[in-house]
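Me: Please take a close look at a single strand in this model. I would like to know how it is placed among its neighbours and what packs around it.

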Amino acid sequence: CNLIIIVATSVRADHLGADGYQRDTSPEIDNFAAGSLVFGDAYAQASWTLPSGTSLLTSLYPYQHGVMNRIYRNPISEISSSILRGDTVTLADALKNNGYETEIFSGGFDYSPRYGVVTRFEKMFFAPQNEFNVFGYGGLNSTIPSAVQFLEKHKDKKFFLYVQGYDAHCPFNPPERFNNFM
């Protein structure tokens with residue numbers, strides 16, 4: 001089986017049609033979820049992206065993997081840093097060691113290579129910066145097209161694909177059809 005993980009940073013599951021939300025906010029996600037295995041009882045291990053994403057890829061709590069801040073060294077604690085230890089096994093490591101091709105398509109920022117988590121993937125793609133992505137918060141509209149190209153080329157191979165975007169993350173600029181809800 002191939003594995004695709006899609007992370008829409010800051011999107012609440014209870015605001016997706018696939019989770020029973022009444023507004024038509026996520027038709028494409030809902031269609032995809034209809035033919036997928038969806039984990040309904042998954043919870044973030046931290047309140048913000050860097051330690052939470054690291055937990056997702058290591059199956060460890062933030063106090064265990066130690067990636068809990070964006071500073072290289074924390075003067076208060078030697079346990080907490082911003083770089084994943086080299087001996088910590090990630091999901092990408094485990095799958096790569098079992099013959100899977102591993103790729104990440106990310107919006108950047110907390111998924112930067114500087115933190116040592118995404119560097120475990122064989123190939124990495126980061127959304128380009130533009131006038132809407134000045135802080136390194138690339139959206140799924142930047143990562144999904146490249147991920148689809150990957151799927152078309154690798155459909156007959158074993159792969160782990162991780163796709164991430166900051167569409168609902170601040171600074172938030174919703175599509176025109178949602179502006180009347182603000």
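**Strand S4 and its surroundings**

Reply: In this predicted model, 5 bridges join strand S2 (residues 101-106) to S4, and the two strands run parallel. Strand S1 (residues 3-8) is also parallel to S4, joined to it by 6 bridges. Both pairings involve valine 163: it is the bridge partner in S4 of phenylalanine 105 and likewise of isoleucine 6.

Burial comes next. S4 covers residues 159-165, and 7 of its 7 residues are buried, so the strand is largely enclosed by the rest of the structure. In a regular strand, side chains alternate between the two faces of the sheet. Here both faces are covered: on one side Phe159, Leu161, Val163 and Gly165 are buried, and on the other Phe160, Tyr162 and Gln164 are buried too.

The packing around the strand involves two nonpolar cores. The largest has 19 residues, and those touching the most other members are Leu57, Ile104, Tyr111, Phe121, Phe160 and Tyr162. At least two residues of this core come from each of S1, helix H2 (49-58), helix H4 (91-96) and S4. A second, separate core has 7 residues, among them Phe105, Leu140, Phe150 and Leu161.

Leucine 57 shows the contacts with S4 in detail. Leaving aside neighbours within four places in sequence, leucine 57 is in contact with Phe160 and Tyr162, and also with Val89, Thr90, Leu91, Val117 and Phe121. Phe160 and Tyr162 belong to the covered side of S4 that also holds Gln164, whereas Leu161, a member of the second core, is on the other side with Phe159, Val163 and Gly165.

Technical notes: Residues numbered from 1 in each chain as written. Predicted model: local features only at pLDDT ≥ 70, side-chain atom pairs only at ≥ 80, totals over all residues. Heavy atoms only, no water. Buried < 20%, exposed > 50% of the residue type's maximum accessible area, 1.4 Å probe, protein only. Helix = DSSP H or I, 4+ residues; strand = E, 2+ residues; numbered from the N terminus. Pairing = 2+ DSSP bridges. Core = buried A, V, L, I, M, F, W, Y, C linked by side-chain atoms within 4.5 Å. Contact = heavy atoms within 4.5 Å.
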